[in-house]
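Biologist: Please take a close look at strand pairing for me, and then follow it to whatever sits next door. I'm new to this, so go slowly.

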Amino acid sequence: MKSAIVLVTGASSGLGQAAAEYLAQQGYTVYGSSRRAPPEGKMRNGVWLFRMDVDDDESVRQGIALLVQREGHVDVVINCAGFGLAGSVENTPIEAFKAQFETNFYGTLRVCQAVLPFMRERHAGLIVNVSSVGGLIAIPFQSMYSASKFAIEGLTEALRLEVRPFGVRVVLVEPGDFATGFTANRRQIEPAPAYAANMHRAVAVMEHDEQHGAHAAQFARLIGRIVRARAPRLRYMVGPFYERVAVWLKAVLPWPWFEWAFAKYYRLE
(Lines give C-alpha, C1' and ligand atoms only; values in the text may rest on other atoms or scores of the structure.)
Protein backbone atom coordinates (compact mmCIF):
# COMPACT_ATOMS: atom_id res chain seq x y z
CA MET A 1 0.00 0.00 0.00
CA LYS A 2 2.97 2.37 0.28
CA SER A 3 2.52 3.10 -3.44
CA ALA A 4 -1.18 3.82 -2.93
CA ILE A 5 -2.82 6.95 -4.28
CA VAL A 6 -4.72 8.65 -1.45
CA LEU A 7 -7.31 11.42 -1.56
CA VAL A 8 -8.12 13.34 1.63
CA THR A 9 -11.00 15.81 1.52
CA GLY A 10 -10.99 18.80 3.84
CA ALA A 11 -7.19 18.66 3.83
CA SER A 12 -6.53 22.38 4.26
CA SER A 13 -6.89 22.28 8.05
CA GLY A 14 -7.71 20.23 11.14
CA LEU A 15 -7.94 16.46 11.10
CA GLY A 16 -7.89 16.31 7.31
CA GLN A 17 -4.59 18.19 7.13
CA ALA A 18 -3.08 16.04 9.88
CA ALA A 19 -4.09 12.80 8.15
CA ALA A 20 -2.91 13.94 4.71
CA GLU A 21 0.49 15.12 5.90
CA TYR A 22 1.04 12.02 8.04
CA LEU A 23 0.28 9.68 5.13
CA ALA A 24 2.61 11.70 2.89
CA GLN A 25 5.36 11.30 5.49
CA GLN A 26 4.75 7.55 5.40
CA GLY A 27 5.48 7.47 1.69
CA TYR A 28 2.00 7.53 0.15
CA THR A 29 1.11 9.71 -2.82
CA VAL A 30 -1.41 12.06 -1.23
CA TYR A 31 -3.81 14.51 -2.81
CA GLY A 32 -5.68 16.87 -0.52
CA SER A 33 -8.80 18.65 -1.65
CA SER A 34 -10.12 21.96 -0.35
CA ARG A 35 -12.50 24.58 -1.67
CA ARG A 36 -9.89 27.19 -0.67
CA ALA A 37 -6.94 25.69 -2.58
CA PRO A 38 -5.60 27.74 -5.52
CA PRO A 39 -7.02 26.70 -8.93
CA GLU A 40 -3.60 25.61 -10.13
CA GLY A 41 -2.96 23.53 -6.99
CA LYS A 42 0.09 23.61 -4.77
CA MET A 43 2.41 21.27 -2.88
CA ARG A 44 2.40 21.62 0.92
CA ASN A 45 4.32 19.30 3.24
CA GLY A 46 4.29 16.49 0.70
CA VAL A 47 0.56 16.82 -0.10
CA TRP A 48 -0.69 18.06 -3.45
CA LEU A 49 -3.53 20.43 -2.53
CA PHE A 50 -6.09 21.06 -5.25
CA ARG A 51 -9.44 22.83 -5.42
CA MET A 52 -12.54 20.67 -5.06
CA ASP A 53 -15.78 21.80 -3.45
CA VAL A 54 -17.63 18.80 -2.02
CA ASP A 55 -20.86 20.87 -2.05
CA ASP A 56 -20.81 20.94 -5.85
CA ASP A 57 -21.53 17.94 -8.10
CA GLU A 58 -19.46 19.15 -11.03
CA SER A 59 -16.51 20.18 -8.86
CA VAL A 60 -16.34 16.70 -7.33
CA ARG A 61 -16.72 15.00 -10.71
CA GLN A 62 -13.94 17.09 -12.21
CA GLY A 63 -11.70 16.67 -9.17
CA ILE A 64 -11.90 12.88 -9.18
CA ALA A 65 -11.50 12.80 -12.97
CA LEU A 66 -8.36 14.93 -12.72
CA LEU A 67 -6.89 12.67 -10.05
CA VAL A 68 -7.59 9.52 -12.10
CA GLN A 69 -6.17 11.19 -15.21
CA ARG A 70 -2.95 12.01 -13.37
CA GLU A 71 -2.48 8.75 -11.49
CA GLY A 72 -4.62 6.18 -13.30
CA HIS A 73 -6.56 5.19 -10.19
CA VAL A 74 -7.51 6.09 -6.62
CA ASP A 75 -6.74 3.56 -3.89
CA VAL A 76 -7.86 5.31 -0.71
CA VAL A 77 -10.35 8.10 0.04
CA ILE A 78 -10.51 9.76 3.47
CA ASN A 79 -13.68 11.88 3.70
CA CYS A 80 -12.82 14.57 6.27
CA ALA A 81 -14.60 17.63 4.85
CA GLY A 82 -17.11 19.10 7.29
CA PHE A 83 -17.90 21.87 9.75
CA GLY A 84 -19.81 22.48 12.97
CA LEU A 85 -23.03 24.39 13.44
CA ALA A 86 -24.46 25.52 16.78
CA GLY A 87 -28.00 26.73 17.30
CA SER A 88 -31.36 25.71 18.68
CA VAL A 89 -33.61 23.51 16.57
CA GLU A 90 -36.53 25.90 16.89
CA ASN A 91 -35.01 29.03 15.45
CA THR A 92 -32.08 27.98 13.27
CA PRO A 93 -33.04 28.75 9.65
CA ILE A 94 -33.71 25.73 7.45
CA GLU A 95 -31.12 27.11 5.00
CA ALA A 96 -28.42 26.78 7.68
CA PHE A 97 -29.46 23.18 8.38
CA LYS A 98 -29.36 22.42 4.64
CA ALA A 99 -25.87 23.90 4.37
CA GLN A 100 -24.73 21.66 7.23
CA PHE A 101 -26.02 18.55 5.47
CA GLU A 102 -24.75 19.73 2.09
CA THR A 103 -21.15 19.55 3.27
CA ASN A 104 -21.11 16.97 6.04
CA PHE A 105 -23.41 14.38 4.47
CA TYR A 106 -23.96 15.06 0.78
CA GLY A 107 -20.33 16.07 0.34
CA THR A 108 -19.23 12.66 1.60
CA LEU A 109 -21.86 10.96 -0.55
CA ARG A 110 -20.76 12.84 -3.69
CA VAL A 111 -17.16 11.78 -3.24
CA CYS A 112 -18.15 8.15 -2.62
CA GLN A 113 -20.30 8.09 -5.76
CA ALA A 114 -17.51 9.64 -7.84
CA VAL A 115 -14.75 7.21 -6.82
CA LEU A 116 -16.71 3.96 -6.58
CA PRO A 117 -16.86 3.21 -10.33
CA PHE A 118 -13.05 3.34 -10.51
CA MET A 119 -12.63 1.22 -7.39
CA ARG A 120 -15.14 -1.39 -8.56
CA GLU A 121 -13.40 -1.62 -11.92
CA ARG A 122 -10.09 -2.41 -10.20
CA HIS A 123 -11.81 -4.63 -7.59
CA ALA A 124 -9.92 -2.76 -4.88
CA GLY A 125 -10.16 0.35 -2.75
CA LEU A 126 -10.69 1.79 0.70
CA ILE A 127 -13.12 4.54 1.71
CA VAL A 128 -12.87 6.03 5.21
CA ASN A 129 -15.83 8.20 6.19
CA VAL A 130 -15.19 10.46 9.17
CA SER A 131 -18.20 10.52 11.47
CA SER A 132 -18.00 11.68 15.10
CA VAL A 133 -18.77 10.66 18.65
CA GLY A 134 -21.50 13.24 18.01
CA GLY A 135 -22.85 10.78 15.45
CA LEU A 136 -23.43 8.29 18.27
CA ILE A 137 -24.60 10.68 20.99
CA ALA A 138 -26.65 13.70 19.90
CA ILE A 139 -25.21 16.93 21.27
CA PRO A 140 -27.61 19.66 22.45
CA PHE A 141 -27.47 22.81 20.33
CA GLN A 142 -25.48 20.89 17.72
CA SER A 143 -28.53 18.97 16.55
CA MET A 144 -27.90 19.20 12.82
CA TYR A 145 -24.19 18.44 13.16
CA SER A 146 -25.13 15.30 15.06
CA ALA A 147 -27.90 14.50 12.57
CA SER A 148 -25.45 14.75 9.67
CA LYS A 149 -23.05 12.40 11.43
CA PHE A 150 -25.84 9.97 12.37
CA ALA A 151 -26.64 9.96 8.65
CA ILE A 152 -23.01 9.19 7.79
CA GLU A 153 -23.21 6.20 10.15
CA GLY A 154 -26.23 4.78 8.32
CA LEU A 155 -24.82 5.50 4.87
CA THR A 156 -21.53 3.82 5.68
CA GLU A 157 -23.06 0.70 7.23
CA ALA A 158 -25.14 0.13 4.11
CA LEU A 159 -22.40 1.05 1.65
CA ARG A 160 -19.95 -1.36 3.29
CA LEU A 161 -22.30 -4.26 2.56
CA GLU A 162 -23.10 -3.11 -0.97
CA VAL A 163 -19.50 -2.84 -2.18
CA ARG A 164 -17.93 -5.74 -0.30
CA PRO A 165 -18.43 -8.13 -3.26
CA PHE A 166 -16.31 -5.78 -5.38
CA GLY A 167 -13.29 -5.77 -3.10
CA VAL A 168 -13.95 -2.25 -1.80
CA ARG A 169 -13.62 -1.74 1.97
CA VAL A 170 -15.56 0.98 3.80
CA VAL A 171 -14.77 2.18 7.32
CA LEU A 172 -16.15 4.66 9.86
CA VAL A 173 -13.89 6.73 12.10
CA GLU A 174 -15.61 8.43 15.02
CA PRO A 175 -13.42 11.17 16.52
CA GLY A 176 -14.11 12.74 19.86
CA ASP A 177 -12.79 16.19 20.73
CA PHE A 178 -9.51 17.28 19.15
CA ALA A 179 -7.64 20.54 19.53
CA THR A 180 -7.98 21.87 15.97
CA GLY A 181 -9.45 24.86 14.20
CA PHE A 182 -12.89 23.21 14.33
CA THR A 183 -13.81 25.32 17.36
CA ALA A 184 -12.98 28.66 15.75
CA ASN A 185 -14.69 27.66 12.50
CA ARG A 186 -17.97 26.59 14.11
CA ARG A 187 -20.90 28.58 12.74
CA GLN A 188 -23.30 29.83 15.39
CA ILE A 189 -26.89 30.93 15.05
CA GLU A 190 -27.95 33.17 17.92
CA PRO A 191 -30.88 31.47 19.63
CA ALA A 192 -34.18 32.92 20.76
CA PRO A 193 -33.95 34.41 24.28
CA ALA A 194 -35.65 31.37 25.80
CA TYR A 195 -32.73 29.18 24.72
CA ALA A 196 -29.85 31.64 25.02
CA ALA A 197 -28.56 30.81 28.50
CA ASN A 198 -28.60 27.04 27.97
CA MET A 199 -27.01 27.29 24.54
CA HIS A 200 -24.20 29.60 25.65
CA ARG A 201 -23.36 27.32 28.59
CA ALA A 202 -23.46 24.20 26.40
CA VAL A 203 -21.28 25.73 23.69
CA ALA A 204 -18.80 26.89 26.36
CA VAL A 205 -18.48 23.26 27.53
CA MET A 206 -17.97 22.10 23.93
CA GLU A 207 -15.31 24.71 23.28
CA HIS A 208 -13.45 23.85 26.48
CA ASP A 209 -13.47 20.13 25.63
CA GLU A 210 -12.29 20.81 22.07
CA GLN A 211 -9.53 23.20 23.04
CA HIS A 212 -8.27 20.69 25.62
CA GLY A 213 -8.88 17.71 23.36
CA ALA A 214 -6.49 15.18 21.88
CA HIS A 215 -3.75 16.09 19.43
CA ALA A 216 -4.60 15.60 15.75
CA ALA A 217 -1.57 13.32 15.39
CA GLN A 218 -3.52 10.63 17.27
CA PHE A 219 -6.20 10.71 14.59
CA ALA A 220 -3.60 10.68 11.81
CA ARG A 221 -1.85 7.63 13.22
CA LEU A 222 -5.16 5.77 13.39
CA ILE A 223 -5.83 6.60 9.75
CA GLY A 224 -2.41 5.18 8.93
CA ARG A 225 -3.20 1.91 10.73
CA ILE A 226 -6.52 1.61 8.89
CA VAL A 227 -4.88 2.19 5.52
CA ARG A 228 -2.33 -0.53 6.27
CA ALA A 229 -4.88 -3.02 7.63
CA ARG A 230 -5.74 -6.00 5.43
CA ALA A 231 -9.27 -6.29 6.83
CA PRO A 232 -10.26 -3.12 8.69
CA ARG A 233 -13.33 -3.34 10.87
CA LEU A 234 -16.37 -1.11 10.44
CA ARG A 235 -15.89 1.32 13.36
CA TYR A 236 -12.97 3.01 15.07
CA MET A 237 -13.41 5.54 17.88
CA VAL A 238 -10.55 7.88 18.64
CA GLY A 239 -10.05 10.72 21.09
CA PRO A 240 -10.38 11.31 24.82
CA PHE A 241 -11.09 8.16 26.86
CA TYR A 242 -14.02 9.63 28.79
CA GLU A 243 -15.90 10.31 25.54
CA ARG A 244 -15.54 6.70 24.48
CA VAL A 245 -16.83 5.70 27.92
CA ALA A 246 -19.85 7.97 27.36
CA VAL A 247 -20.76 6.02 24.22
CA TRP A 248 -20.60 2.79 26.21
CA LEU A 249 -22.70 4.29 29.01
CA LYS A 250 -25.39 5.34 26.55
CA ALA A 251 -25.69 1.71 25.49
CA VAL A 252 -25.95 0.25 29.00
CA LEU A 253 -27.64 2.86 31.21
CA PRO A 254 -31.39 3.39 31.38
CA TRP A 255 -32.10 6.35 29.13
CA PRO A 256 -33.43 8.69 31.87
CA TRP A 257 -30.20 8.21 33.86
CA PHE A 258 -27.99 8.90 30.86
CA GLU A 259 -30.09 11.88 29.78
CA TRP A 260 -29.92 13.41 33.26
CA ALA A 261 -26.14 13.01 33.41
CA PHE A 262 -25.69 14.39 29.89
CA ALA A 263 -27.84 17.43 30.65
CA LYS A 264 -25.80 18.07 33.80
CA TYR A 265 -22.55 17.78 31.87
CA TYR A 266 -23.67 20.45 29.39
CA ARG A 267 -25.04 22.61 32.23
CA LEU A 268 -28.59 22.60 30.90
CA GLU A 269 -31.36 23.85 33.16
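Modeller: Two strands pair if DSSP finds at least two bridges between them. Helices (H or I, at least four residues) and strands (E, at least two) are DSSP runs, numbered from the N terminus. This is a predicted model, so local features need pLDDT of at least 70 and side-chain atom pairs pLDDT 80 or more, whereas totals for chains, interfaces and linings use all residues. Residues are numbered from 1 along each chain as its sequence is written, and side-chain values use heavy atoms, leaving out hydrogens and water.

Let's start with β4, which has two partners to look at. On one side, strand β2 (residues 29–34) pairs with β4 in the parallel sense, and five bridges hold that pairing. You can find one spot to look at where G32 stands opposite L49 of β4. The other partner is strand β3 (residues 42–44), which is joined to β4 by three bridges, but here the two strands run antiparallel. For a spot in this pairing, look at R44, whose bridge partner in β4 is V47. Trace the chain from β3 into β4 and you go round a hairpin with two residues between the strands. N45 sits in that turn and has a positive phi of about 50°.

Now move along to β5, where there are again two pairings to follow. Strand β1 (residues 5–9) runs parallel to β5, and three bridges join them. β5 also pairs with β7 in the parallel sense, this time over four bridges. A handy residue to click on is V76 in β5. V76 has V6 standing opposite, and in β7 its bridge partner is L126. So much for the neighbours; what about the side chains of β5? Which residues of strand β5 (residues 76–79) point which way? V76 and I78 point one way, while V77 and N79 point the other way. All four of these residues are buried (under 20% relative accessible area, with exposed meaning over 50% and partly exposed in between, using a 1.4 Å probe on protein chains only).

From β7 we can step across to a helix, since β7 (125–130) is among the elements that cover the buried residues of α4 (contact here means heavy atoms within 4.5 Å). The cover also includes α3 (94–122) and β8 (168–175), along with β6 (85–86), α5 (182–185) and β10 (235–238). Helix α4 itself covers residues 143–163, which makes 21 residues. From its first C-alpha to its last, α4 reaches 30 Å, close to the 30 Å expected at 1.5 Å a residue (that is, 1.5 Å times one less than its number of residues). Which residues of α4 are buried? Among them are M144, Y145, S146 and S148. Further along you meet K149, I152, E153 and L155, and then T156, L159 and V163 complete the buried set of α4. Notice that K149 and E153 are on that list alongside I152 and L155.

One last stop is just past the helix. P165 is found in the loop between α4 and β8. Is P165 buried or exposed? P165 counts as exposed because its relative accessible area is 56%. P165 and R120 are 45 residues apart along the chain, and their C-alpha atoms are separated by 9.2 Å.
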